[in-house]
Amino acid sequence: QDCVNRMLFLTESDAALHGHQIVYEGMHEQFTVRMDRDKIVQVLLNLMRNAFQAMEKPGTVHIRTYRKDDYCYIEIEDTGKGIHQNDLDKIFDPFYTTKENGTGLGLSICKKIIQDHGGELTAVSKVGVGSKFTVALPIDKKEQPETSSCSEETMTAAV
């Protein structure tokens with residue numbers, strides 16, 4: 001929750017500027033995910049900015065957080081133009097881009113960050129409807145939110 005709230009704070013003015021609406025469906029359950037908070041926020045910011053760029057006219061971004069089994073899921077779904085299936089198979093490849101001024105590194109870096117956390121980043125899309133990116137991060141079964149601890153490289157955050 002902390003990472004999503006930080007991302008929302010950092011993107012709300014950009015959303016308002018372009019007329020986009022953000023709908024956030026958070027969870028009430030508390031649990032712990034071991035993570036580097038800044039890197040996860042970086043991933044979420046990149047996914048959110050991509051969602052904004054995919055919507056050529058004012059649209060809606062749905063953000064959902066939920067727990068399923070031993071994973072915390074964060075979904076970012078836009079009402080943008082969508083991604084063609086041929087492109088969808090390559091979007092996580094380094095240097096692959098469909099953007100005129102893109103480097104093709106954003107999504108590949110995001111995927112690597114999530115994999116480094118023992119998680120997975122996936123995408124589904126339908127042209128003309130939009131795209132949904134899902135971050136899955138493993139829940140720390142050993143540690144409870146009340147006993148969270150921080151170190152220089154890893155932060156335990158209640159989600």
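Y66 is partly exposed, with a relative accessible area of 28%; the class "partly exposed" covers the range between buried (under 20%) and exposed (over 50%), using a 1.4 Å probe and protein chains only. Y73, by contrast, is buried at 19%. The rings of these two tyrosines have centres 5.1 Å apart and planes at 15 degrees, so the pair is stacked. Rings of Phe, Tyr and Trp (its six-membered ring) pair if their centres lie within 6.5 Å, and planes under 30 degrees apart count as stacked, over 60 as edge-to-face and the rest as tilted. Y66 and Y73 also belong to one aromatic cluster with Y71.

Before going on, a word on the model. It is predicted, so local features need pLDDT of at least 70 and side-chain atom pairs count only at pLDDT 80 or more, while totals for chains, interfaces and linings use all residues. Residues are numbered from 1 along each chain as its sequence is written, and side-chain values use heavy atoms, with hydrogens and water left out.

**The aromatic pairs**

A search of the whole structure finds 3 aromatic pairs. A pair of aromatic rings is described by the distance of the centres and the angle of the planes. Besides the stacked pair of Y66 and Y73, there is one made by F92 and F133: their centres are 6.3 Å apart and their planes at 80 degrees, so this pair is edge-to-face. The pair links distant parts of the chain, with F92 in the loop between helix 3 (85–88) and helix 4, F133 in strand 6, and their positions 41 residues apart. Both F92 and F133 are buried. F92 has a charged companion as well: K111 lies over the face of its ring, at 4.5 Å from the ring centre. For this, NZ of Lys or CZ of Arg must be within 6 Å of the ring centre and within 35 degrees of the ring normal.

**R64 and its salt bridges**

Next come the charged side chains. The whole structure holds 7 salt bridges, each a side-chain nitrogen of Lys or Arg within 4 Å of a carboxyl oxygen of Asp or Glu. Among them are these bridges of R64, which sits in strand 3 (residues 60–68):

| Partner of R64 | Closest N to O | Relative accessible area of the partner |
|---|---|---|
| E25 | 3.8 Å | 39%, partly exposed |
| E75 | 3.3 Å | 8%, buried |
| E77 | 3.0 Å | 26%, partly exposed |

E25 lies in strand 1 (residues 21–25), so its bridge to R64 ties together parts that are 39 residues apart in sequence. For R64 and E75, the strands are 3 and 4, and the separation is 11 residues. E77 is in strand 4 too, 13 residues from R64. Together with K132, the residues E25, R64, E75 and E77 are linked in a network of salt bridges.

E75 deserves a second look. Its place is in strand 4 (residues 71–78), and its side chain makes a polar contact of 2.8 Å with the side chain of Y66. A polar contact is a pair of N or O atoms within 3.5 Å; within protein, one must be able to donate a hydrogen and the other to accept it, and residues adjacent in sequence count only if both atoms are side-chain atoms. What else is E75 in contact with, leaving aside its neighbours within four places in sequence? Contact here means heavy atoms within 4.5 Å, and the list is H62, I63, R64, Y66, K132, F133 and T134. That brings in Y66 from the aromatic cluster and F133 from the edge-to-face pair.

**Helix 4 and the overall fold**

In helix 4 (residues 106–116), the residues L107, S108, C110, I113 and I114 are buried. They pack against helix 2 (37–54), strand 5 (120–126) and strand 6 (130–138). Just after the helix, G118 takes a positive phi of about 80 degrees.

Zooming out, the protein has 4 helices and 7 strands, where helices (H or I, at least four residues) and strands (E, at least two) are DSSP runs, numbered from the N terminus. Their order from the N terminus is α-β-β-α-β-β-α-α-β-β-β. Of the 159 residues, 43% are buried. Among contacts between residues at least 6 apart in sequence, 71% join residues at least 24 apart. The protein exposes about 9100 Å², of which carbon and sulfur atoms supply 48%; accessible areas come from the Shrake-Rupley method with a 1.4 Å probe, and for residues only the protein chains shown count as cover.
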